[in-house]
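I went through this structure one topic at a time and kept brief notes. The entries follow in the order I made them.

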Amino acid sequence: MNPARLTGPPMRLKLGGEILPMVGHVRMYVCGITPYDVSHLGHASTYVWADAVERVLRWHGHHVTVARNVTDVDEALFAEARRRGESHTMLATLQRAAFEGTMAALQVRPPDLAPSAAQHIGHVVQLAQALLDRDSAYERNGTVYARTAHSAAQAGVDRDAALRLATEYRDHPDDPDKDDPLDVTVWQAADPDDDVSWPSPWGDGRPGWHAECAAMVLALFGSSVDIHCGGGDLAYPHHASEAALAESATGVTPFARSWMRAGIVSVDGAKMAKSTGNLVLVEDLLKEHSPGAIRLMLLNRPWSQPWSFDAAALDDAEATLEQLYAAASSPGMAPGAAAVPATLLDDLDVPRAVHIALEDGGQAARTLIEILALT
Ligand code: ZN
């Protein structure tokens, strides 16, 4: 714990270039995995960054509540379970356990709350009803659609790009029942051959993905959240739609006071995808590298910028970590000990904090290692 935090001037977090004033309690929501397949380095990056901001805030004396959800109601999960001939709940349970094991190995603190979509069906129904009551949604043939077309412009995405992304993320812009192709599904009526559905006032069905996260945030934190984290590819349609749904239902804006989307990780310049066989798995990296080195590789860069993984990046991180350990065992100079935590508050500027820790050594390096769990 930082002894200066009670006597010195209050320290403030800058995130995304802006000061995010916070008093005491901080509410963090992290979009979690859909547990139908292995998780890779791109996922790990998102969760290690969320872990880093949480640890920085805790170190500065904030009480942080983190919710990281599990998207266990999802078409991709159901399809994979059918393909394997397994129950979707068993598949989700096993994949979730594997993911949590990887997170533990990477020293990502377990979330305080781990809601799953299946546990919050009732809250999605409440959200759908709230949107209907406020005329922000309409029902057609048992499906409830929300009027979210405005969210693309709010997210800075032009309509053509939004339509492309809506198709890519299976929001079905070509659904003829929609008033606007960019409206999103809050409640999806079940098909006769659907094996997973729940009852609702509009008939059997299941929640839409964006509505699941919106409902979980509202149910757990009330009408807003301080820091909303997720992968770099979630800005549109997921986060934009989630915010539009919550804000339309509650009338409270902004739904998220800040967004923290970690930069997308590619591999040797190519998109990481199972289909191209270039998935980098954390379990494989852990066979030859320490969790501290993997964390430092993920964190020693600007958090929002996309980057490309290659083996040299991990070797570099390993070498830097050795230098940090050597610096930590030196007597060091006093100023760095306070400068490191202050620098981390400045948009999580890890590269500068590493530089200070190496220059000043001693307590500065020990503090950096402690805050970012680089052991
Ligand atoms: Zn989400």
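**Entry 1: Ser330.** I listed the contacts of Ser330, leaving aside its neighbours within four places in sequence, and found Gly361, Gly362 and Arg366. The model is a predicted one, and I read every entry here with that in mind. I then placed Ser330 in the chain: it sits in the loop between helix 11 and helix 12 (335-345). I looked up its accessibility next. Ser330 has a relative accessible area of 25%, so it counts as partly exposed. I also took one long distance: the C-alpha atoms of Ser330 and Gln154 are 51 Å apart, with the two positions 176 residues apart along the chain.

**Entry 2: helix 11 and helix 14.** Arg366 came up again when I turned to the contact of helix 11 with helix 14, where Leu324, Tyr325, Ala327 and Ala328 meet Ala365, Arg366, Leu368 and Ile369. I sorted these residues by class and got seven nonpolar, no polar and one charged. For the geometry, I noted an angle of about 130 degrees between helix 11 (residues 311-328) and helix 14 (residues 363-371), and 7 Å between their axes. Helix 11 is therefore oblique to helix 14. The crossing of helix 11 past helix 14 is left-handed.

**Entry 3: helix 13 and helix 14.** I checked a second partner of helix 14. The axes of helix 13 and helix 14 cross at roughly 145 degrees and come within 7 Å. On the helix 13 side I wrote down Ala353, Val354, Ile356, Ala357 and Asp360, and on the helix 14 side Ala364, Ala365 and Leu368. The residues of this contact divide into seven nonpolar, no polar and one charged. Ala365 and Leu368 are in this list, and they are also in the contact of helix 14 with helix 11.

**Entry 4: helix 10.** How many residues of helix 10 (residues 291-299) are buried? I counted eight of the nine, so helix 10 is largely enclosed by the rest of the structure. The buried ones are Gly292, Ala293, Ile294, Arg295, Leu296, Met297, Leu298 and Leu299. I then asked what these residues pack against, and found helix 1, helix 9 (282-286), strand 13 (307-309), helix 11 and helix 13 (350-360).

**Entry 5: the zinc ion.** Which protein atoms are donors to the zinc ion? I found SG of Cys31, SG of Cys213 and NE2 of His238, at 2.0 to 2.1 Å from the ion. The donor spacing in sequence reads C-x181-C-x24-H. Cys31 belongs to the loop between strand 3 (25-30) and helix 1 (41-59), and Cys213 to helix 7 (residues 209-221), so the pair ties together parts 182 residues apart in sequence. I also looked up the burial of the two cysteines: Cys31 and Cys213 are both buried.

**Entry 6: helix 7 and helix 8.** Two of the zinc donors led me to this pair. I noted an angle of about 55 degrees between helix 7 and helix 8 (residues 235-250), and an axis separation of 8 Å. Helix 7 is therefore oblique to helix 8. The crossing of helix 7 past helix 8 is right-handed. From helix 7 the contact uses Trp209, His210, Ala211, Cys213, Ala214, Val217 and Leu218, and from helix 8 Pro237, His238, Ser241, Glu242, Leu245, Ala246 and Thr250. By class I got nine nonpolar, four polar and one charged. The zinc donors Cys213 and His238 are both in this contact list.

Conventions: Residues numbered from 1 in each chain as written. Predicted model: local features only at pLDDT ≥ 70, side-chain atom pairs only at ≥ 80, totals over all residues. Heavy atoms only, no water. Donors = N, O, S within 2.8 Å, 3.2 Å for Na, K, Ca; no water. Helix = DSSP H or I, 4+ residues; strand = E, 2+ residues; numbered from the N terminus. Buried < 20%, exposed > 50% of the residue type's maximum accessible area, 1.4 Å probe, protein only. Axes fitted to C-alpha atoms, helices over the stretch in contact; angles between N-to-C directions. Parallel < 35°, antiparallel > 145°, perpendicular 65-115°, else oblique. Left-handed = near helix turned anticlockwise from the far one by under 90°. Contact = heavy atoms within 4.5 Å. Nonpolar A, V, L, I, M, F, W, Y, C, P; charged D, E, K, R; others polar.
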